[in-house]
Amino acid sequence: MPEFRTLIGKIVDFKGEPMPGQTIIIKSTELGTTTDWDGNFCLVVPENQIIFIEISCCFTPIFRAIEPDDKYVKIKIGRKSQERKNKKAYNKWKPIKDSLPIIMKRIYSEVDYDKIAENICR
C-alpha cells in the first residue's frame, strides 16, 4: 500500500495578494482542489513519487513539479514570474508523461483515497 503525505500551498498574485477559488489539479489524475479565501490549498500526494500539478489561471496554465521532499509550495502568478519554473517542470514531465497516468492510477486506486484526503487535509 502506498504512503501519502500532505502538500500545503498558497497561490498569490504578483503583488503577494491571495488568489481564492483557483483550481489545482494533480496531472495524470482527476484529483484536485481549490484555494480557500486566503489562497491556501492542501493536496494528498504520494510519499516517494514526483508529481506535477497544474493551475489553470489567467491565460497560461501554470505547471509545477512537486518533488518527494516538497511539503510546501508558494506559487506567485503574474508578470512572467512563472515562465522559468514552467519550463523546468515541463522538461521533467516530458520523459515520464506516458508512464505517469499508469503509475498515478495504480497509486491512487490501491487505497480509499477519500478517507485519507479527509483525514489529512481537514
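Tutor: Let's start with some words we'll need: a residue is exposed when its relative accessible area is over 50%, buried when that area is under 20%, and partly exposed in between. Keep in mind that the model in front of you is predicted.

Student: Okay. Which residues sit on the face of H1 turned away from its buried side?

Tutor: That face carries Glu83, Arg84, Lys87 and Lys88, and they are exposed. Each of them therefore has a relative accessible area over 50%.

Student: And which residues of H1 are buried?

Tutor: H1 spans residues 83-93, and its buried residues are Asn86, Ala89 and Trp93.

Student: What puts those three on the same side of H1?

Tutor: Look at how they are spread around the axis: they cover an arc of only 65 degrees, so they share one side of the helix.

Student: What do the buried residues of H1 pack against?

Tutor: Strand S5 (51-55), strand S6 (62-66) and helix H2 (100-109). The helix H1 lies across S5 and S6, and runs at about 60 degrees to S6.

Student: Now aromatics. How many aromatic pairs does the structure hold?

Tutor: Five.

Student: Why is the pair of phenylalanine 4 and tyrosine 108 called tilted?

Tutor: Their ring centres are 5.4 Å apart, and the limit for a pair is 6.5 Å, so they do pair. Their planes stand at 45 degrees. Under 30 degrees would be stacked and over 60 edge-to-face, so what falls in between is tilted.

Student: Where in the chain are those two?

Tutor: Phenylalanine 4 is in strand S1 (residues 4-13) and tyrosine 108 is in helix H2, so this pair links parts of the chain 104 residues apart. Both residues are buried, too.

Student: What makes tyrosine 90 and tryptophan 93 an edge-to-face pair?

Tutor: Their planes are 70 degrees apart, and the centres are 6.1 Å from each other. The angle is over 60 degrees and the distance is within 6.5 Å, so both conditions are met. They are three residues apart in helix H1, which means about one helical turn separates them.

Student: Why does tyrosine 90 count as partly exposed, while tryptophan 93 counts as buried?

Tutor: Set the values against the cut-offs. Tyrosine 90 has 31% relative accessibility, and that lies between 20% and 50%, so it is partly exposed. Tryptophan 93 has 16%, which is under 20%, so it is buried. These two also belong to one aromatic cluster with Phe52 and Phe63.

Student: How many salt bridges are there?

Tutor: Two. In general, side chains of opposite charge can pair when their charged atoms come close.

Student: How do you know that lysine 27 and glutamate 54 form one of them?

Tutor: Their closest N and O atoms are 2.9 Å apart, and the cut-off is 4 Å, so the pair qualifies. Lysine 27 is in the loop between S2 and S3, glutamate 54 is in strand S5, and 27 residues separate them. At 21%, lysine 27 is partly exposed, whereas glutamate 54, at 16%, is buried.

Student: What makes glutamate 67 and lysine 92 a salt bridge?

Tutor: Here the closest N and O atoms are 2.3 Å apart, again within 4 Å, so it counts. Glutamate 67 is in the loop between S6 and strand S7 (72-77), and lysine 92 is in helix H1. Both are partly exposed: glutamate 67 at 23%, lysine 92 at 40%.

Student: On to the strands. Why is S3 called an edge strand?

Tutor: The open sheet has the order S3-S2-S5-S6 with antiparallel pairing. S3 (32-34) pairs on one side only, and so does S6. From one strand to the next, the twist averages 20 degrees.

Student: How do you know that S2 and S3 pair?

Tutor: Three bridges join S2 (residues 23-26) to S3, and at least two are needed, so they pair. One of the contacts matches isoleucine 24 with its bridge partner, threonine 33.

Student: Last one: why is S1 said to be largely enclosed?

Tutor: Because eight of its 10 residues are buried. S1 is joined by seven bridges to strand S4 (residues 40-46), running antiparallel, and by six bridges to S7 in the parallel sense.

Technical notes
Residues are numbered from 1 along each chain as its sequence is written. This is a predicted model: local features need pLDDT of at least 70, side-chain atom pairs count only at pLDDT 80 or more; totals for chains, interfaces and linings use all residues. Side-chain values use heavy atoms; hydrogens and water are left out. Buried means under 20% relative accessible area, exposed over 50%, partly exposed in between (1.4 Å probe, protein chains only). Helices (H or I, at least four residues) and strands (E, at least two) are DSSP runs, numbered from the N terminus. The arc is that of the directions from the helix axis to the C-beta atoms. Contact means heavy atoms within 4.5 Å. Rings of Phe, Tyr and Trp (its six-membered ring) pair if their centres lie within 6.5 Å; planes under 30 degrees apart count as stacked, over 60 as edge-to-face and the rest as tilted. Axes are lines fitted to C-alpha atoms, for helices over the stretch in contact, and angles run from 0 to 180 degrees between N-to-C directions. A salt bridge is a side-chain nitrogen of Lys or Arg within 4 Å of a carboxyl oxygen of Asp or Glu.
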